[in-house]
Each structure stands twice: as C-alpha cells, then as structure tokens.
Amino acid sequence: MIIVLKPQSSDQDIQEVSDRVRSLRYQPRVIRGVENTVVACIGDELNNRSLEALRNLPAVDNVIPIQHRYKLVSREYHPADTVVRAGKATIGGDGICVIAGPCAIESAEQFRTVVGHLTQAGVQLVRAMPYKPRTSPYDFQGLRDEGLQIMRDVKAEFGVAFVSEVMGPAQVEALADVADMYQIGARNAQNYDLLETVAAVRKPVLLKRGMASTVEEWLTAAEYLLVNGCSQVVLCERGLRSFDRAVRNLLDVSAIALAKQASHLPVLADPSHAAGKRALVLPLACAALAAGADGLIIEAHPDPANAFSDAAQQIDSAAFDAFLADLAPWMELAAARKRAH
Ligand code: PEP
Ligand code: MN
C-alpha cells in the first residue's frame, strides 16, 4: 500500500502515520517529494489487516493498494493454464470448447430434442437449466424439481455432461447426482455464501461475471472458489449493463483478454446473453475467440420463436451444425494461436 499524505504535513504527522503502519505489522518507508510525502508500506496485504482505516487520519490524503485482492487465481501464483474437465469436455488448454443448450428446460420433449441435435453436432457439455433466475416473479421460473427427472432421463439416453445454474444451496444438493458442472450466474456473481457452498462440493464451476462487476471483482469472486478448495473454475464474460439498449449487454472483449493475462483459469464468453439477438451471436462469438477466449456457451432451442425465455437470442438447434460450420475457421485459428503460445 502507498499512503499519500496531505501537502504540508509535519514531521509529527509523518511519525504518527508511520507508527500506525508499524502497529498494523507493515514496514513504513517515508519518501519525501517536493510537494507531497508518501509512505510506502511493505507487508502482505492479503494476510495482514488492511491499511484502509488510515484514511481517517487527518494528515492522510489517499491510501492506494498495490497488491491484487486475489492470489490463487493469478498467473503469478500459477503460470501454467488450468484445464477444467466436465464429463468428456475439456475447457482450457489447446482446444476451443463449445457448450450449448436451451435457456431453460421447458419439457421432456423439448430437452430431449435439443440434446439430440446438439450431441449430433458434437457438443459434449450441455446447458441444463431446471432453475432459472428471472427478473420478474411472473416470468417462467423453470420446471424446477420436475426438470431434474428430465435431466436424469436425457443423461441416461445420451450420456452427455450437464452444466446447471444454482441460485441457492438447496439447488446445489438437488443437482448433485446429475449436474457435472455448476453455473453461478451474473446475478449471483458476488454471492459469497453461495460461492463457498458450491466450492465445498468439488465439482467444476462456471463463474459468470456480474453485469456490473469490475474485472478485479470477478477474479476475486473466483478466488472465493479456489481458497475454499475448488480448483476447477471457468470464468465467463457475458456482457455488462451499459447505457446503450441496442444490444442486451455490452460484451467486454477487453475483459476476456485481460482475464487471460491476469489468470491461469480458462475464460469462456457467452455471446447469447450479451447479444440478446440471434443475428449478433456469431459475430460476438468470433470477437470473443479473437480476444483469446477458450470457448463459448451458446443458447440453442429446437423452436426458438416459441421459447419460454430468451426467445430472441436462441439459435435453432436443428441448425446448430451450420452455426458451428460458420464458426469453424475462427475456432481453428484460435486453437492454432493457442498451440503456438
Ligand atoms: C443463463 O446463462 O442462463 C443466465 C441466466 O445468464 P446470466 O447469469 O449471464 O444472465
Ligand atoms: Mn437465457
């Protein structure tokens, strides 16, 4: 931490600040400039108490943290890329992983049909969402526990792996036998109790970025999973709330590139929830791959026009192989770039 003192601070002020720094188990180093004096504080900001409280001293102008708030997530701590496995799917490493599936499980027939289409197109990890976080309580809430039995039946038939969103601890338990990976959605991206609960189960976790989370908050949320024992974590950029309603959310491609540099964890993009419109999903998917994403999570439905939720953005699952064919040159280029690094 760097503590910036107010101009014209006296020797006594500097002494007082240095004493407080020492009492919090940091070593103060006083640097006197022409206008300002700063006190550089040497010590581990993660394991010692924060120096933030020093802001309240009359002589202190600013307290500036130097260390990141995350450690286990960082590339400095773990330079090699982490590879996450869910069923037969691998996320991270040299390949590009495409996860796909409907916004929600709507019926046995709908889910069976979509999984048939997607497995035929080569998808190994499917979105299976019996529980839906909906903005309005009057919107379709998902089939909930009824959806679990549909998942079990479809899994027995197709042998496919599932990623399922959990909004609370009861759902973590309910899904334990049938989900291969848990999703923490944008609305729960900073629900630290839920992150700790999910981490304890030791299944892989797909952690979305909150719609108004900074990159540091996103990576620090992932730190909650790692520090609580879950090493199989995938980050997912899904777009930010912005001033412009022309798109549903603003896909932050810089955050994808930044997260890849700052962290060893795989990074996916969700172009469907960013775009909000079918026609934008492919170009956003290409942009995400160009920025270094390890893969994509895409919404696909056998009858998108009549979907119970997110109808405008879902790809027709019967044409998912054509969607993947359009994406193939970009996926190959992205995979070749990863192999070269
Ligand atoms: C979802 O993936 O089903 C979802 C609700 O997305 P998000 O949390 O990104 O809004
Ligand atoms: Mn959706």
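1. R144 is partly exposed, at 43% relative accessible area (buried means under 20%, exposed over 50%, partly exposed in between, with a 1.4 Å probe and protein chains only). R144 sits in the loop between β8 (125-127) and α3 (145-158); helices (H or I, at least four residues) and strands (E, at least two) are DSSP runs, numbered from the N terminus. Its phi is positive, about 55°, although R144 is not a glycine. Most residues other than glycine have a negative phi.

2. Basis of the values. This is a predicted model, in which local features need pLDDT of at least 70 and side-chain atom pairs count only at pLDDT 80 or more, while totals for chains, interfaces and linings use all residues. Residues are numbered from 1 along each chain as its sequence is written, chains are lettered from A and ligands numbered from 1 in the order written, and side-chain values use heavy atoms, leaving out hydrogens and water.

3. A second positive phi. R202, also a residue other than glycine, has phi near 65°. R202 belongs to the loop between α5 and β11 (205-208). With a relative accessibility of 54%, R202 counts as exposed.

4. Overall chain. The chain holds 10 helices and 15 strands, and its C-alpha trace spans about 75 × 40 × 40 Å along the principal axes. Of its 341 residues, 52% count as buried. The accessible surface is about 15,500 Å², with 52% of it belonging to carbon and sulfur atoms (Shrake-Rupley method with a 1.4 Å probe; for residues, only the protein chains shown count as cover). Among the contacts with a separation of 6 or more, 66% are between residues 24 or more positions apart; a contact means heavy atoms within 4.5 Å.

5. The metal site. Which protein atoms are the donors of the manganese ion (ligand 2)? They are C103 (SG), H273 (NE2), E299 (OE) and D310 (OD), at 2.0 to 2.4 Å from the ion. Donors are N, O and S atoms within 2.8 Å of the metal (3.2 Å for Na, K and Ca), and water is not among the atoms, so the site may look incomplete. Along the chain, the donors have the spacing C-x169-H-x25-E-x10-D. C103 is in the loop between β7 (97-101) and α2 (108-120) and E299 is in strand β14 (residues 295-301), so this pair ties together parts 196 residues apart in sequence. C103 is buried at 2% relative accessible area, and E299 is buried at 1%.

6. Ligand 1. The residues around ligand 1 are R127, K132, P133, E165, Q183, G185, A186, R187, K208, R238 and H273 (each has a heavy atom within 4 Å of the ligand). H273 is thus on this list and is also a donor of the manganese ion. Polar contacts (pairs of N or O atoms within 3.5 Å; within protein, one must be able to donate a hydrogen and the other to accept it, and residues adjacent in sequence count only if both atoms are side-chain atoms) include three to oxygen atoms of ligand 1: a polar backbone atom of A186 at 2.7 Å, a polar side-chain atom of K132 at 2.8 Å, and an N or O atom in the side chain of R187 at 2.9 Å. On its own, ligand 1 has 300 Å² of accessible area, and the protein covers 97% of this.

7. Q183. Is Q183 buried or exposed? At 2% relative accessibility, Q183 counts as buried. Q183 is part of strand β10 (residues 181-184) and one of the residues around ligand 1. Its side chain makes a polar contact of 3.1 Å with that of E165. Leaving aside residues up to four places away in sequence, Q183 touches R127, M129, V163, S164, E165, V166, L206, K208 and I297.

8. Aromatic pairs. The structure holds 4 of these (ring centres of Phe, Tyr and Trp, the latter by its six-membered ring, within 6.5 Å; planes under 30 degrees apart are stacked, over 60 edge-to-face, the rest tilted). One of them, Y192 with Y224, is stacked, at 4.4 Å centre to centre and 20° between the planes. Y192 lies in helix α5 (residues 192-201) and Y224 in helix α6 (residues 215-227), so the pair ties together parts 32 residues apart in sequence. Y192 is partly exposed at 30% relative accessibility, as is Y224 at 27%.

9. A322. This residue lies in helix α10 (residues 320-340) and is partly exposed, at 42% relative accessible area. A322 and P102 are 220 residues apart in sequence, with a C-alpha to C-alpha distance of 17 Å.
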